[in-house]
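Reader: I am in my first year and still learning to read structures, and I would like a close look at a single part of this one. Could you take me through it slowly, and then show me what else belongs beside it?

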Amino acid sequence: MEEELPRICITIYRANRIINPIILKMTNLNVTYLGLDLKNPIIAGSSGLTNSIENLKAIEKAGAGAVILKSIFEEEIYLEFAHEFRKLGPMDNNLEFLDYYDYQIKKDNLKNYLSLISEAKKELSIPVIASINCTTAHEWAFFAKKVEDAGADAIELNIFVLPTNLTQTNEDNESMYFDIVSRVSSKIKIPISLKISSYFSNLGAVIRDLSFSEIKGLTLFNKFYSPDVDIFEQKIIGSDVLSQNTDYRLTLRWIGMMANRVNSDLSASTGIHDWQTIVKMLLVGATTVQIVSILYQDGFSVIPSMIQNISNWMEENGYESVADFRGKLSLDNTTNLAEFERVQFMRNFGEHK
Amino acid sequence: MVVENPLIAKSRKPGNFVILRIGEDGERFPLTIAGADPVRGTITLVVQIMGVSSSKLVALEPGDCITDLVGPLGKPTHIGKIGTVLAAGGGVGVAPLLPIVEAFKKAGNRVVTVIAARNKDLIILEDEIRKWSDEVIVMTDDGSYGRQGLVTAGMEEIIQRENIDECIVIGPAIMMKFASMLTKKYNIPTQASLNSIMVDGTGMCGACRVTVGGKTKFTCVDGPEFDAHQVNFDEMLMRLGGYLQEEKRATEIYLQKL
Amino acid sequence: MRSKTKNKERTQIERVKMPELAPMIRVKYQDREVNMGLELDQALKEATRCMDCVNPTCIEGCPVSINIPKFIKYIEKGDILLAAATLKETNALPAVCGRVCPQEKQCESKCFYVDKLDKPSVAIGHLERFAADYERNSGAANIPEKASPNGIKVAAVGSGPASLAFAGDMVKYGYDVTVFEALHEIGGVLKYGIPEFRLPNSVVDFELENLRKMGVKFETNYIVGRTSSFEDLREEGYQGFFIASGAGLPRFMDIPGENSNGILSSNEYLTRVNLMGAAMDDKDTPVLKGKYVAVIGGGNTAMDSVRTALRLGASRAMIIYRRSEAEMPARIEEVKHAKEEGVEFMTLCNPLEYFADEKGRVSGMRLNRMGLGEPDSSGRRRPMPIEGSEFELDVDLVVVAVGVSPNPLVPSCLPDLKVTKWGTIVVDEDKMQSSISEMFAGGDIVRGGATVILAMGDGRRAAENMHNYLQSKSNN
């Protein structure tokens, strides 16, 4: 009995000694995005995968820090209307009935979307962000309030406009973004993030100015559907819908350049397929990353391994939290961007003879 | 008043209402069915004189016919055995409350009822309510009968001392609004029976539309009872005043004719 | 008849002009018909234009295949009553159809004159109305023959055109027919929807009286599914049901401010005025009158609403329609009449939001201008908002006439009844039989809000097939 006690004491003492250091060394991936607490910076971005309660629960189980619901947008309503139109039967030709029927479909779609939000909030404990594609301001401001009432934690506004309208000037194009943000933010209290494309002639200034508006986050960048050409059929066709794993570079560059110049969170989107790219984005200053294509390709199970790998990397490099290394490689705000770009270009190409 | 209509008496459930019309020139207006006797084939309606239509109805003698009467309309109250029910009726709202109180009591619940009105003369159906309630508190604004105070005061007293599982409020819209705000504070699920303006009562015109939980619903087919905490009472009050001028004018003309 | 007048002479005659009440006068009266009807000589002359084609293409355009040349030639001969009888062989309510059918899309669009001669068609609609009105006014009671009563009870739910056509045929087959109506007046959309200045209630009442004389029973203030259930009616002995409860469910656009006072569905507005007589002082039902009235929509219901608003004293009555005038679903004649009466047509405009005063009454609205884009699958060009084109309008009354949906009351009482996602009842298109074998359906509840003639066609087809169904059931 007496001999045993010291052994037990020693074991416990040793166990204490062992346990504490592990606690100290355990990395934590917590981040704050749009004022919301996320347990890690990995967000399942808006796509067909974030459209059902079953998927959302699976994504949460896989360990994602937050989800962005599939976007709701006008094109969808017309497509559904067109689809329904094909199976009318005795209602064929009933112009008076069908004339404004898209409003009915929109009402039903919106109702379903609001139900998805409230159900998701009941079932999930990670933040649920609603996503709205806009082309015009007023409609979505009204709807944004309903989205807030349904319980969404935040709204991502996706202003989905290609600058193909040749009569619109730069100012018109850009002022539309500010107009939409201002109208929507006047109606709601939950945070707004804005997802934009890179099609601006003065992208840097636009990113900076938008970050100083009422939004809390900017998502760079939207991935546009790109057409391709079939030279045998000689017609325009669709191309890959999923991103390639090198597509992240544009986002990487701009986050790196702007992270110290903006007044909002930055979320990286497009082409993020592996844990290394996630780390790259965080290093250049992103607060969170959004993954979509990789979930389609390899399933939700990529998430836990991403988390593990990032944790390991953090541990190997002595980082205890994301804040320890986020933005380590972003350009400081005193560097002249144009100068910097030229110098980099010279370094990469000019010096190679 | 007791009206003979065997079909409605048979198919009616607590919470249903009817639409009536008095005279060929009369307008269609709703009244809740306060009670029914399927054996005798009659239904009981309670009317308070408010304007032209209610005056015409009250002016009828036994043996007269109501020009048009259709029902039963609306979704019946959802009655179940849930524990303790707090029923609150304001003014003429006690009439539609009575069948609901009776049904909840018959379903085996403990029923505590607060009935309120401006003064003693406007307190109605007290005996009938007492018959079907475990406890009744009467409130009058001026203290001429029962206790002095608003219905919410009586409700709050009960809420403080008992665990209430569900609440039903029926009365003027403003009363339902404040009663609902009270129960929301205490997280008590509450149903309110709305008295919106109606024309056809079958879901055809949308005159009775209200916003519940951000969505538009029709009082005549989706209601008349709704989750009180989700009802936009301000909008409903505003819509109730939609024909104020026309109603005033019609009442003046009617009184002149008499 | 053909030989009496040479075709060449026939084609020289100009199409008759329907005498119309002058716009500035008719705008003061809710209950004065705009079209005053043809005189006998006008009708005879117009009937002469019809060339009695060997292959009458006009019949193809008619949803119930009325033998058009036959009735027109009777008119030419002067046998108006026989013309009316011909009409009644296929069309239960010719006085109604002659007034409200969109002939320009149906029979008249297929007339030889239009097809081959590029001239205005024979005025088939006006002639139909003429024959029907003549018969009514002549007092010649034409009660058709009936088969001997077979004692089988059938019920029609709803008393609109589909049920009336159904009842007329079933009673002829010998059945004991009862038509159940939820409202206090019979006629459905003919009474509450179509205004007096287009379709006088007296015309409808005459037809209803005829049906009564034939033995059809009507029950008002009776909601099948509520007042009694279908089960109750079965127990009372009803063996067949025709569900024609119509498209009485208003649709709104769900835009901000739409629940303000003074914004009504077209159903509410027209029901108050047409059914409840709200415009008249001695009727109790009120209606909101506006000085600046906007009606949203481009169909017949929108036309009816905006013209009613004018008659109730609007200084400005406006149609706000998101597409162009050419694409409006309304009858061309209604658009023409509306313009003559002073209705302003603001096409390619769409409301965004309504504003209200401190009492909650609508005081203005904001609209967008629209451009037309690519055609959608209905073949019509899609209205797209023009960015930055917003403008505001002062209004104190708005009528939303963007379409109606089937009333869900009856389908909600029958869980086994198959219903589409649009809310319409699924039927076998030839037999009009629903997924419940003794229940047939027709009219707006199958088609969404459609036309009177289509509803009647459904009613007649349902009657024929229910008759076959019940006969084969009783034979087994």
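**A proline in a loop, and its surroundings**

Author: In this predicted model, B:Pro224 lies in the loop between β13 (215–218) and β14 (225–227) of chain B. The bond that leads into this proline deserves attention, for a cis peptide bond joins B:Gly223 and B:Pro224, with omega at about 10 degrees. To see what is unusual here, it helps to know that most peptide bonds are trans.

A cis bond is also found in chain A, where the peptide bond from A:Leu220 to A:Phe221 has omega near -10 degrees. A:Phe221, too, sits in a loop, the one between β8 (217–220) and β9 (227–230) of chain A.

Loops of this model also hold residues with another backbone feature, and the background is that most residues other than glycine have a negative phi. A:Gln234, which is not a glycine, has a positive phi of about 50 degrees, and its place is the loop between β9 and β10 (235–238) of chain A. A:Gln234 counts as exposed because its relative accessible area is 69%, which is over the 50% cut-off. C:Asp254 likewise has a positive phi, near 60 degrees, and lies in the loop between β5 (249–250) and β6 (263–265) of chain C. With a relative accessibility of 25%, C:Asp254 is partly exposed.

Returning to chain B, we can set a helical residue beside the proline loop. B:Ile8 is found in helix α1 (residues 6–11) of chain B, and B:Ile8 counts as buried because its relative accessible area is 1%, where the cut-off is under 20%. Leaving aside neighbours within four places in sequence, B:Ile8 is in contact with B:Val18, B:Ile33, B:Ile43, B:Leu69, B:Val70, B:Gly71 and B:Pro72. The C-alpha atoms of B:Ile8 and B:Thr42 are separated by 8.0 Å, although these two residues are 34 residues apart along the chain.

In soluble globular proteins, nonpolar side chains tend to be buried together. The largest nonpolar core of this model has 95 residues, and those that touch the most other members are A:Ile117, A:Phe143, A:Val147, A:Leu194, A:Ile196, A:Ile207 and A:Leu295. Helix α12 (residues 302–316) of chain A gives the most to this core, with 7 residues. A second, separate core has 91 residues, including C:Ala83, C:Ala95, C:Phe130 and C:Ala167.

Key. Residues numbered from 1 in each chain as written. Chains lettered and ligands numbered in written order. Predicted model: local features only at pLDDT ≥ 70, side-chain atom pairs only at ≥ 80, totals over all residues. Heavy atoms only, no water. Core = buried A, V, L, I, M, F, W, Y, C linked by side-chain atoms within 4.5 Å. Buried < 20%, exposed > 50% of the residue type's maximum accessible area, 1.4 Å probe, protein only. Helix = DSSP H or I, 4+ residues; strand = E, 2+ residues; numbered from the N terminus. Contact = heavy atoms within 4.5 Å.
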